[in-house]
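Look at the structure below and keep it in view as you read. We will go through it one part at a time.

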Amino acid sequence: DSGSAKTTPEQYDIQYLTPVEIGTPAQTLNLDFDSGSSDLWVFSTDTPSSSVNGQTQYDPSSSSSSEEVSGASWSISYGDGSSSSGSVYHDVVNVGGVSFDSQAVESASKVSDQFAQDSNNDGLLGLAFSTLNTVTPTSEKTFFDNIIDNLDVAAWTADLKYHEAGTYDFGVIDDSKYTGDISYVDVDDSQGFWSFTADIDGTSVEGIADTGTTLALFPDDVVSAYYKQVDGAEEDSQQGGYVFPCDADLPDLTFSPGDAKITIPGEYINYAPADESGSTCFGGIQSSADVGINIYGDIALKAAFVVFDQTTSSPRLGWASK
Ligand SMILES: O=C([C@@H]1CCCNC1)N1CCCCC1
């Protein structure tokens with residue numbers, strides 16, 4: 001098997017949403033593919049109406065292939081303070097043509113306000129390691145772990161783009177999507193994340209590849225050295241991080257996982273206006289000091305073609321320019 005799904009960015013590339021077919025007949029929900037967590041959860045007919053604000057709801061009672069998992073529940077809290085919880089069904093899930101007939105579909109009976117207000121996001125599809133799955137008393141596998149044995153190549157790839165649609169592929173490495181060679185680096189999956197090390201301007205930065213995090217969060221020494229090059233840049237705790245004049249000329253930032261050299265164009269680092277005036281802008285690279293972990297989020301990932309590889313006994317990440 002192999003398949004490909006188009007993923008579309010919301011404004012400012014804050015998140016990328018990918019259509020996923022669930023159930024029989026298919027119900028299409030737009031999910032946030034998240035390599036930083038391991039639950040597939042959805043807005044559903046179990047979600048209180050007061051928390052539903054435009055989202056598409058999975059209706060297990062309308063799916064002839066849904067089976068409720070007796071006694072199972074889930075509850076997840078994300079590093080940004082958001083959370084959700086609920087019950088569990090098994091149902092058919094199809095992503096870009098790759099299908100698994102009894103995927104755990106976690107139905108939300110509670111969502112935090114950040115999710116309630118995010119009307120285009122119908123849920124998350126976790127792609128970190130299944131050790132992080134929150135279903136109890138019996139944990140469930142991620143979609144990737146469920147389909148991996150059926151894939152032509154035991155890998156999935158992320159080709160996120162700046163202000164335009166990209167693709168998530170499963171079971172195929174599409175050589176038309178990158179230039180040069182793919183450089184593979186080892187992954188430490190001991191904490192359940194796709195954790196790897198890259199060099200950034202002479203500093204070795206261990207962090208996680210997280211498609212579900214908008215920005216790139218790096219050690220303060222790296223970040224302050226970067227913004228020292230930008231006239232008028234300052235760290236403003238009121239605004240939540242480094243800001244600068246929107247007309248600033250931002251330098252590129254290169255990170256090197258193994259032999260790869262991935263250059264994030266300065267344009268990507270001029271993330272978005274910090275206020276309504278539009279004169280002060282918020283940086284796409286921010287300090288990880290308050291998070292406790294470095295995160296190669298979308299600002300970094302969209303500069304590369306990334307292979308989340310389990311073709312060998314130990315997981316790897318492949319990096320290529322494009
Ligand atoms: O909750 C998260 C992120 C939030 C955004 C979406 N991806 C998962 N974590 C990643 C960093 C370590 C703590 C857990």
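What follows is a short walk through a ligand site, a sulfur link and two charged residues.

This is a predicted model, in which local features need pLDDT of at least 70, side-chain atom pairs count only at pLDDT 80 or more, and totals for chains, interfaces and linings use all residues. Residues are numbered from 1 along each chain as its sequence is written, and side-chain values use heavy atoms, with hydrogens and water left out.

Start with the ligand. Where does the ligand sit? It occupies the largest pocket. A pocket here is an open set of points on a 1 Å grid over the protein atoms alone, where a 1.4 Å probe fits, with protein on both sides within 12 Å along at least five of seven lines. To sit in it, a molecule needs more than half of its atoms within 2 Å of the grid points. The residues around the ligand include Tyr78, Phe193, Ile208, Thr213, Ile293 and Ile295. Each has a heavy atom within 4 Å of the ligand.

Now zoom in on the polar atoms. An N or O atom in the side chain of Asp34 is 2.8 Å from a nitrogen atom of the ligand. Asp210 also places a polar side-chain atom 2.9 Å from a ligand nitrogen. Gly79 uses its backbone: a polar atom there is 2.6 Å from an oxygen atom of the ligand. Taken alone, the ligand exposes 360 Å², and the protein buries 81% of that. Such areas come from the Shrake-Rupley method with a 1.4 Å probe.

Next, the sulfur link. How many disulfides does a search of the whole structure find? It finds 1. A disulfide is a pair of cysteine sulfur atoms within 2.5 Å. Here Cys246 and Cys281 are joined, S to S 2.1 Å. The link is right-handed, with 100 degrees about the S-S bond. Cys246 lies in the loop between strands S16 and S17, and Cys281 lies in strand S20, so the pair ties together parts that are 35 residues apart in sequence. Strands (E, at least two residues) and helices (H or I, at least four) are DSSP runs, numbered from the N terminus.

Finally, is Lys302 buried or exposed? It is buried, at 3% relative accessibility. Buried means under 20% relative accessible area, exposed over 50%, and partly exposed in between (1.4 Å probe, protein chains only). Lys302 is in the loop between helix H5 and strand S23. Its side chain makes a polar contact (N or O atoms within 3.5 Å, one able to donate a hydrogen and the other to accept it) with the side chain of Asp13, at 2.7 Å. Glu235, in strand S15, is partly exposed at 47%.

Notes: On a 1 Å grid over the protein atoms alone, a cavity is a set of points where a 1.4 Å probe fits but cannot get out, and a pocket is an open set with protein on both sides within 12 Å along at least five of seven lines; lining residues have an atom within 4 Å of a point.
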